[in-house]
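Hi,

Here's the structure I said I'd send over. Have a look at it first, and then read on for my notes.

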Amino acid sequence: MEIKNVTCGYGDVFPIKNLSVTIADEGCTAIMGGSGVGKTTFIKLLLGLVKPVEGEITGLDGKRIAVVFQEDRLLPWYSARKNVELFSADEKTAGELLTDMELSDAADKLPSELSGGMQRRVSIARALAYGGGILLLDEPFKGLDGELKKRIISRIKGTFPLVIMVTHDEKDAELMGAGQIVRL
């Protein structure tokens with residue numbers, strides 16, 4: 001994937017200016033930097049949710065992209081199980097993913113009945129259910145404690161050929177095995 005001389009912003013604010021980077025087709029790439037430097041905008045660019053005012057992005061055509069947004073974006077009227085089933089091939093797979101996320105006992109609860117960390121794990125399970133060639137993660141492990149985070153990361157690893165993770169946490173990038181770090 002090539003990002004060539006990309007500038008992107010909102011109104012008069014341009015968090016991404018003249019960015020050029022090549023991202024490998026496989027492995028994990030961590031997008032890092034402080035608040036307001038364009039990490040989430042970078043994810044939105046890859047998804048086509050915002051368009052560059054200059055430059056181009058190539059190498060995404062025909063790629064199926066799963067995403068865990070910074071906000072969990074769960075459908076509030078559906079249970080955790082149903083939120084995952086919407087993107088799963090079958091009920092069994094959804095159940096297995098919720099078990100992998102240590103949410104078996106909460107599968108029938110609505111998002112409003114779940115803690116923030118539980119909602120996060122449902123979002124991760126949903127992205128895993130969707131599958132594809134690329135997984136985009138935007139601050140994916142907020143609300144998860146150390147040991148649980150490690151177990152979730154081990155479940156994510158190897159599931160997608162390419163993972164692009166936005167994080168401010170060097171340890172999270174290390175745990176995910178990021179072979180490439182892009183600092184914005």
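Below is what I found, going from the sheet to a helix pair and then to the pockets. Keep in mind that this is a predicted model.

**The sheet**

Let's start with the strands. Three of them make an open sheet in the order β2-β1-β4, and the pairing is antiparallel. At the edges sit β2 (13–22) and β4 (54–58), each of which pairs on one side only. On average, neighbouring strands here are turned by 30° against each other, ignoring direction.

If you zoom in on β1 (residues 2–10), you'll see that four bridges join this strand to β4 and that the two run antiparallel. A handy place to look is threonine 7, which stands opposite glutamate 54 in β4.

Which helix lies across these strands? That's α1 (residues 39–47): it lies across β1, β2 and β4, and runs at about 115° to β1.

**A helix pair**

Next, have a look at α4 (residues 116–130) and α5 (residues 146–156). Their axes come within 11 Å and cross at roughly 10°. Angles under 35 degrees count as roughly parallel, so α4 is roughly parallel to α5.

Who touches whom? On the α4 side you have Arg121, Ile124 and Leu128, and they meet Leu148, Ile152, Arg155 and Ile156 of α5. Sorted by class, the residues of this contact are five nonpolar and two charged, with no polar ones.

**The pockets**

The largest pocket has a volume of about 200 Å³. Its lining is made up of Ile65, Ala66, Val67, Phe69, Arg73, Leu75, Asn83, Phe87, Arg126, Ala127 and Tyr130. Two elements, β5 (65–68) and α4, give two or more residues each to that lining. So what kind of residues line the largest pocket? Eight are nonpolar, one is polar and two are charged.

The second largest pocket holds about 150 Å³ of space. There are 15 residues in its lining, and those nearest the centre are Gly36, Gly38, Lys39, Thr40 and Thr41. Helix α1 provides the largest share of this lining, with four residues. That's the helix that lies across the sheet strands β1, β2 and β4, in case you want to view the two together. By class, the lining of the second largest pocket splits into four nonpolar, seven polar and four charged residues.

That's it from me for now. Happy to go through any of it with you.

Cheers

Definitions and conventions:
Residues numbered from 1 in each chain as written. Predicted model: local features only at pLDDT ≥ 70, side-chain atom pairs only at ≥ 80, totals over all residues. Heavy atoms only, no water. Axes fitted to C-alpha atoms, helices over the stretch in contact; angles between N-to-C directions. Parallel < 35°, antiparallel > 145°, perpendicular 65-115°, else oblique. Contact = heavy atoms within 4.5 Å. Nonpolar A, V, L, I, M, F, W, Y, C, P; charged D, E, K, R; others polar. Pairing = 2+ DSSP bridges. 1 Å grid on protein atoms, 1.4 Å probe; cavity = no way out; pocket = protein on both sides within 12 Å on 5 of 7 lines; lining within 4 Å. Points joined across faces, edges and corners; volume = space filled by probe spheres on them.
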